[in-house]
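Biologist: Got a minute to go through this model with me? I'd like to talk about its side-chain contacts.

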Amino acid sequence: MTRQDTLREVREAITAANRALDSLENAEHELKRAKNWGLWDMFGGGMFSGMMKHGRLDKAKRQIEDAKYYLQLLGKELNDINLSLNLQIEIGSFLTFADFFFDGIVADWMVQSKINDALNQVTAANTRVMEILGNLQRWEEQLLKE
């Protein structure tokens, strides 16, 4: 692979990393809002707070799906330059039904626990992608200097 080819591949990886970061940051924002609504819901917020929480979770799920796509693309681009990425992000779906159907402190606590798990995963993925992006940007600078 020529230096020019490597530079192109590094830039493609940087683009994918930036897009993944955007989606991860948006997901993190929505999960934090869902967490806040979840706390309100656990302490007697009622149906409105439950609906708001799940609305935020739905937005977070869409952002996570976008992030997964860009993380897969980033993984492909990293493979092109002999690097690897291994991240998994999941949000359970059963708990949305359980939360509305059972609407009690146990179901609310289960959903809140899943929100916290997802938030931790998204935060960890965000940190990892930022590290990779920093390394890619330094590599790009090095290639441009040569």
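Modeller: Sure, ring pairs to begin with: rings of Phe, Tyr and Trp (its six-membered ring) pair if their centres lie within 6.5 Å, with planes under 30 degrees apart called stacked, over 60 edge-to-face and the rest tilted. Bear in mind that this is a predicted model, where local features need pLDDT of at least 70 and side-chain atom pairs count only at pLDDT 80 or more, while totals for chains, interfaces and linings use all residues. Residues are numbered from 1 along each chain as its sequence is written, and side-chain values use heavy atoms, leaving out hydrogens and water.

Biologist: How many aromatic pairs does a search of the whole structure find?

Modeller: The search covers the whole structure, and the count is two.  One of them joins Trp37 and Phe48, with 85 degrees between the planes and 5.7 Å centre to centre. So the answer is two aromatic pairs.

Biologist: What kind of pair do Tyr69 and Tyr70 form?

Modeller: Their ring centres are 5.1 Å apart. The planes sit at 75 degrees, so the pair is edge-to-face.

Biologist: Which residues are linked with Arg8 in a network of salt bridges?

Modeller: A salt bridge needs a side-chain nitrogen of Lys or Arg within 4 Å of a carboxyl oxygen of Asp or Glu. Arg8 has such a contact with Asp5 at 3.4 Å, with Glu9 at 3.0 Å and with Glu12 at 3.9 Å. That makes the partners in the network Asp5, Glu9 and Glu12.

Biologist: Is Glu9 buried or exposed?

Modeller: Buried means under 20% relative accessible area, exposed over 50% and partly exposed in between (1.4 Å probe, protein chains only). Glu9 has 9% relative accessibility, so it counts as buried.
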